[in-house]
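I had this one open for a while and kept notes as I went. Here is what I looked up, in the order I got to it.

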Amino acid sequence: MLVELKDIACGASQRRVSRAVAIRHHDRVVVVGGNAPIVVQSMTNTDTADAIGTAIQIKELARAGSELVRITVNNPEAARAVPAIREQLDRMGIDVPLVGDFHYNGHSLLKDHPECAQALSKYRINPGNVGQGAKRDTQFAQMIEMACLYQKPVRIGVNWGSLDQSLLARIMDENSRRPIPLSSQTVMYQALITSAIESAQRAEELGLPGNQIILSCKVSGVQDLISVYREIGKYCDYPLHLGLTEAGMGSKGIVASTAALSVLLQEGIGDTIRISLTPEPGGDRCKEVFVAQEILQTMGLRKFMPMVIACPGCGRTTSTVFQELADDIQSFLREQMPIWKESFPGVENMNVAVMGCIVNGPGESKHANIGISLPGTGESPAAPVFIDGEKAMTLRGDQIARDFQKVVLDYVQERYGKAT
Ligand code: SF4
């Protein structure tokens, strides 16, 4: 039976309309919102007062593809280190804009350390952590004054764990007077969204242009994040920064972030993303950048690097050659990308297939730009390589991984080299 289909829409919904916020460092301009591509950002976990260690980690994050890097500025030592970090990065040719993360004392750090205020490209302000009572408004205003003075955009970043308690009490009071009170969960959502939007409006009243404000409302639950961002998106046109506040460790953190962000991105919500993974001891901080890129790339929203299509392997792959080759080629492509993206424009569109046996190997390989089908158990010890759908050669012996890398490199040079 032939199934009759009408044309089926495929792809994410149209992006929510938002203002475009430009974040600058010298000639580098990263735009968040508007029609700009969704920006990948990350955060260091070094002690910011350690200027060298922090600059090295920022360099690694930027080379991995982080388009903005946030650093905590938590005390005078950190604030003093910020200009040195910036200078060190500039000397290394790393122009990624830096975002200062402030809590509690941001108003005084920015005022007392003008070189820090100047070196940063954006300030993150948490309205729940700027002070209590009357001090709250004054200190928030002082931070906004600094942003106006140095012409820096801000992210007003509200967090579930540090919600403005006076605002929450006010909203709970109002709720208790309703004929039918809202659920405590809805009240919490309302408090988060209200805190972000009221703070943004206050910042505009204080003179900060509306196109210098980004909002976030982070929570740690997937369903909560989806609900909050769906709502906040309806009440304003500030660009939105997406991310779980604490995604967690290992696969749990990756799965939770992917689950939450893909729903929102599919609905056109979100202008910049950060994946807050807890690194394993000795783990690579750049993993949060790779996961962010992979979410956007697998959803077809951006392209960062060639895709490796690898089959999962099964009982037909009795050796580890196949897994090693898939891993090798993935690492090789990632290592090459900082250079390739300058020299070989378009290389990020390439697909490479690494398949474990003859069942799907040749078929999948033919669909990729380059594909290799390794011998499964009982198959002859030869690996046919397909280039642009045609069988180009057969690799044999114990150097298949090295030989295949050479095939990929030659293809990249020939197909994406500037001369062509
Ligand atoms: S391509 Fe072959 S090795 Fe890979 S999953 Fe399919 S049957 Fe198994």
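**Entry 1: rings and charges.** I started with Arg334, which lies over the face of Phe290, 3.8 Å from the ring centre. This is a predicted model, so I am reading computed geometry here. I then looked for another charge over a ring and found Arg136, whose charged end sits over the ring of Phe140 at 5.9 Å from the centre.

**Entry 2: aromatic pairs.** How many aromatic pairs does a search of the whole structure find? I got four. One of them is Phe332 with Trp340, an edge-to-face pair with 5.9 Å centre to centre and 85 degrees between the planes. Phe332 and Trp340 are both buried. Another pair is Tyr411 with Tyr416, again listed as edge-to-face, at 6.4 Å between centres and 70 degrees between planes. Both of these tyrosines, Tyr411 and Tyr416, are buried too. I also noted an aromatic cluster made up of Phe332, Trp340 and Phe344.

**Entry 3: helix H5.** Arg136 and Phe140 from my first entry turn up again here, among the buried residues of H5. The helix runs over residues 133-149, which is 17 residues. From first C-alpha to last I get 25 Å, close to the 24 Å expected at 1.5 Å a residue.

Which residues of H5 are buried? My list reads Arg136, Gln139, Phe140, Ala141, Met143, Ile144, Met146 and Ala147. The spacing made me recall a general point: an α-helix has 3.6 residues a turn, so residues three or four places apart point the same way.

What covers those buried residues of H5? The cover includes three strands, S5 (98-102), S6 (122-125) and S7 (154-159). It also includes helices H3 (106-112) and H7 (184-205). Just after H5, I noticed that Gln151 takes a positive phi of about 55 degrees.

**Entry 4: other positive phi values.** With Gln151 in mind, I checked two more residues. His26 has a phi near 50 degrees, positive although the residue is not glycine. His26 is found in the loop between strand S1 (20-25) and strand S2 (28-33). Is His26 buried or exposed? His26 counts as exposed, because its relative accessibility is 64%.

Tyr104 is the other one, with phi near 70 degrees, and that is also a positive value in a residue other than glycine. I placed Tyr104 in the loop between S5 and H3, two elements that I had already met in the cover of H5. Tyr104 has 58% relative accessibility, so I put it down as exposed.

**Entry 5: Gly207 and Glu174.** Gly207 sits in the loop between H7 and strand S8 (213-218). Its relative accessible area is 48%, so Gly207 is partly exposed. I measured nothing by hand, but the computed C-alpha to C-alpha distance from Gly207 to Ala147 is 9.6 Å, with their positions 60 residues apart in sequence. Ala147 is one of the buried residues of H5.

Glu174 belongs to helix H6 (residues 165-176). I have Glu174 as partly exposed, because its relative accessibility comes to 41%. I also looked up its C-alpha separation from Val187, which is 9.8 Å for 13 residues along the chain.

**Entry 6: Ser257.** I found Ser257 in helix H9 (residues 250-266). Why does Ser257 count as buried? Its relative accessible area is 2%, and buried means under 20%, so Ser257 qualifies. Leaving out residues up to four places away in sequence, Ser257 touches Leu244, Ala247, Ser262, Ile275 and Ile295.

**Entry 7: the ligand.** Which residues are around the ligand? One stretch of my list is Cys311, Pro312, Gly313 and Cys314, followed by Arg316 and Thr317. The rest are Gly356, Cys357, Val359 and Asn360. By class I have five nonpolar residues, four polar and one charged in that shell.

**Entry 8: the whole chain.** I left the overview for the end. The protein chain has 13 helices and 17 strands. Its C-alpha trace spans about 80 × 60 × 40 Å along the principal axes. Of the 420 residues in the chain, 50% are buried. I also checked contacts between residues at least 6 apart in sequence, and 66% of them join residues at least 24 apart.

Terms used:
Residues numbered from 1 in each chain as written. Predicted model: local features only at pLDDT ≥ 70, side-chain atom pairs only at ≥ 80, totals over all residues. Heavy atoms only, no water. Near = heavy atom within 4 Å. Nonpolar A, V, L, I, M, F, W, Y, C, P; charged D, E, K, R; others polar. Helix = DSSP H or I, 4+ residues; strand = E, 2+ residues; numbered from the N terminus. Expected span 1.5 Å × (residues − 1). Buried < 20%, exposed > 50% of the residue type's maximum accessible area, 1.4 Å probe, protein only. Contact = heavy atoms within 4.5 Å. Phe/Tyr/Trp six-rings, centres within 6.5 Å; stacked < 30°, edge-to-face > 60°. Lys NZ or Arg CZ within 6 Å of the ring centre and 35° of its normal.
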